[in-house]
Amino acid sequence: MIRNAAIFCASSNGASPIYREAAIELGRALAQQSIGIIYGGANVGLMQAVAEASLLHGGRVVGVIPEVLVDLEVAHRGLTELHITTNMHTRKAMMGELADAFLVLPGGFGTFEEMFEVLTWQALRLHQKPVVLININGFYDKLLDFLDHCVAEGVLKPHARASLRIVSSVDEVFPLLAAHQIGS
């Protein structure tokens with residue numbers, strides 16, 4: 001059962017307001033579905049938007065932030081729980097343990113790294129949790145083209161590429177999560 005979803009996203013708002021709107025929509029929808037959020041614990045950018053929207057609608061939000069980022073990303077002190085870890089590795093391990101699914105909104109290096117790490121864990125059969133990339137406004141189109149190129153060049157297995165579930169809107173996330181629960 002999907003009780004908690006890890007959200008990977010930017011600590012900035014991005015160039016288009018559509019990204020923040022999607023983060024707010026996701027936070028609200030998760031709260032309404034009684035799915036808790038596990039996220040990076042920051043009080044800035046899309047990270048803040050998803051957390052605040054969930055809290056506003058009665059959701060449970062757990063932040064996991066390493067000591068080095070507490071001041072840099074301004075740790076969110078109004079969460080259901082805030083865990084401060086010693087480093088990024090501990091942060092990601094804790095988020096992975098607490099999450100039943102991984103949802104990816106627009107982001108940069110940190111978001112990419114987190115997504116690819118959980119996909120790698122999945123390929124190694126360390127978990128069978130769904131990884132869903134929410135491709136708002138085509139944000140990830142070029143990355144997806146590159147992943148297809150990797151398959152064509154024989155360095156990424158087609159089944160590994162297919163394990164990254166792609167949707168273009170927040171509404172499309174929930175049928176995927178429901179299907180995963182039924183199929184588990």
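**Aromatic contacts, helix H1 and cysteines**

Phe139 has a relative accessibility of 33% and therefore counts as partly exposed, since this class covers values between the limits of 20% for buried and 50% for exposed. The model examined here is a predicted one.

The aromatic side chains were considered next. A pair of aromatic rings is described by the distance of the centres and the angle of the planes. The search gave a count of 5 aromatic pairs. One of them joins Tyr19 to Phe139 in an edge-to-face arrangement, with 5.4 Å from centre to centre and 75 degrees between the planes. Tyr19 belongs to helix H1, whereas Phe139 sits in the loop between strand E6 (131-134) and helix H6 (141-152), so this pair ties together parts that are 120 residues apart in sequence. Unlike Phe139, which is partly exposed, Tyr19 counts as buried because its relative accessibility is 12%, under the limit of 20%.

Phe112 and Tyr140 also form an edge-to-face pair, with a centre-to-centre distance of 6.3 Å and an angle of 75 degrees between the planes. This pair, too, links distant parts of the chain: Phe112 is in helix H5 (residues 109-123) and Tyr140 is in the loop between E6 and H6, 28 residues apart. Phe112 has a relative accessibility of 27% and so counts as partly exposed. Tyr140 is buried, because its relative accessible area is 2%. Both pairs belong to one aromatic cluster, formed by Tyr19, Phe109, Phe112, Phe139 and Tyr140.

Helix H1, which contributes Tyr19 to the contact with Phe139, runs from residue 17 to residue 32. At 1.5 Å a residue, its 16 residues should span 22 Å, and the C-alpha atoms at its ends are 23 Å apart, which agrees with that expectation. The buried residues of H1 are Tyr19 together with Ala22, Ala23, Leu26, Gly27, Ala29, Leu30 and Ala31. After the helix comes Ser34, which has a positive phi, near 60 degrees.

The cysteines were examined last. Cys9 counts as buried because its relative accessibility is 7%. Cys150 has a relative accessibility of 12% and therefore also counts as buried. A search of the whole structure for disulfides found 0.

Conventions
Residues numbered from 1 in each chain as written. Predicted model: local features only at pLDDT ≥ 70, side-chain atom pairs only at ≥ 80, totals over all residues. Heavy atoms only, no water. Helix = DSSP H or I, 4+ residues; strand = E, 2+ residues; numbered from the N terminus. Expected span 1.5 Å × (residues − 1). Buried < 20%, exposed > 50% of the residue type's maximum accessible area, 1.4 Å probe, protein only. Disulfide = S-S within 2.5 Å. Phe/Tyr/Trp six-rings, centres within 6.5 Å; stacked < 30°, edge-to-face > 60°.
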